[in-house]
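Colleague: I'm new to this one and would like a close look at a single part of it. Could you walk me through that part and what surrounds it?

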Amino acid sequence: MTAKISYDDVEVGTELPAQTFGVTRATLVQYAGASGDFNPIHWNEKFAKEVGLPDVIAHGMFTMAEAVRVVTDWTGDPGAVVEYGVRFTKPVVVPNDDQGATIEVSGKVAAKLDDNTVRVDLVAMSAGQKVLGMSRAVVRLA
């Protein structure tokens, strides 16, 4: 695959299409199985509350992965992401209902770098709170 976005067509300030991702308790169980992270804070409400959390919370790495989908969907090539990092600022609380939680993600080109790369800054929100800080991806464009 190759990124479908051309470096020459992108400017600082270019906004990526925002996306909203749903998260339910079932999603967390599926992610736990795939990742091997069966920490009970991600599926056991009683345990999560006993350790001081408001409820079951989404895995940090799951939240991080959902956020970078805005970048990979924009480029059309997951391999175009050459660097990615975040700080976990708030948990994504996932209630035990049919709706679960949502993660709203937006992104903007913050810098044009060398070698056809750009830095994309992401903002990830859930329940009105920023859940990832310093969320940045370096992406190689066509």
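In which helix do R69 and E66 both lie, and how many residues apart are they?

Modeller: Both R69 and E66 sit in helix α3, 3 residues apart, which is about one turn of the helix. Before going on, a word on what you're looking at: this is a predicted model, where local features need pLDDT of at least 70 and side-chain atom pairs count only at pLDDT 80 or more, while totals for chains, interfaces and linings use all residues. Numbering runs from 1 along each chain as its sequence is written, and side-chain values use heavy atoms, with hydrogens and water left out.

Back to the pair. The side chains of R69 and E66 meet in a salt bridge, 3.0 Å from N to O. By salt bridge I mean a side-chain nitrogen of Lys or Arg within 4 Å of a carboxyl oxygen of Asp or Glu. In general, side chains of opposite charge can pair when their charged atoms come close. The two partners differ in exposure: E66 counts as buried because its relative accessible area is 10%, whereas R69 is partly exposed because its value is 35%. (Buried is under 20% relative accessible area, exposed is over 50%, and partly exposed is in between, with a 1.4 Å probe and protein chains only.)

Now the helix itself. Helix α3 covers residues 60–75; helices here are DSSP runs of H or I with at least four residues, strands are runs of E with at least two, and they are numbered from the N terminus. The 16 residues of α3 reach 23 Å from the first C-alpha to the last, close to the 22 Å expected at 1.5 Å a residue. That expected span is 1.5 Å times one less than the number of residues. There is also a kink of about 30° in α3, centred on V68, the bend at a residue being the angle between axes fitted to the seven residues ending there and the seven starting there. Just after α3 comes G76, with a positive phi near 80°.

What's tucked away along this helix? In α3 the buried residues are F62, T63, M64, E66, A67, V68, V70, V71, T72, W74 and T75. Their cover includes β1, α1, β2 (81–88), β3 (101–112), β4 (117–126) and β5 (129–140).

T72 is a nice one to zoom in on. T72 counts as buried because its relative accessible area is 15%. The side chain of T72 reaches the backbone oxygen of R69 at 3.3 Å, which ties in with the residue you asked about. That is a polar contact: a pair of N or O atoms within 3.5 Å where, within protein, one must be able to donate a hydrogen and the other to accept it, and residues adjacent in sequence count only if both atoms are side-chain atoms. Leaving aside neighbours within four places in sequence, T72 is in contact (heavy atoms within 4.5 Å) with D77, P78 and V81.

Since α1 is part of the cover over α3, let's look there too. In α1, R25, T27, L28 and A32 are buried. Seen down the axis of α1, these buried residues fall within an arc of 150°, so they line one face of the helix; the arc is taken from the directions from the helix axis to the C-beta atoms. The face turned away from that buried side carries the exposed residues Q30 and A34. Cover for the buried residues of α1 includes β1 (15–23), α2 and α3. After α1 comes G36, whose phi is positive, near 80°.

One more salt bridge fits the picture. R25 pairs with D55, their closest N and O atoms being 2.7 Å apart. This pair links distant parts of the chain, 30 residues apart: R25 is in helix α1 (residues 25–35), and D55 is in the loop between α2 (45–50) and α3. Both R25 and D55 are buried. For contrast, try E50 and K46, which meet in a salt bridge at 2.6 Å, N to O. E50 and K46 both lie in helix α2, 4 residues apart, and both are exposed. In all, the structure holds 8 salt bridges.
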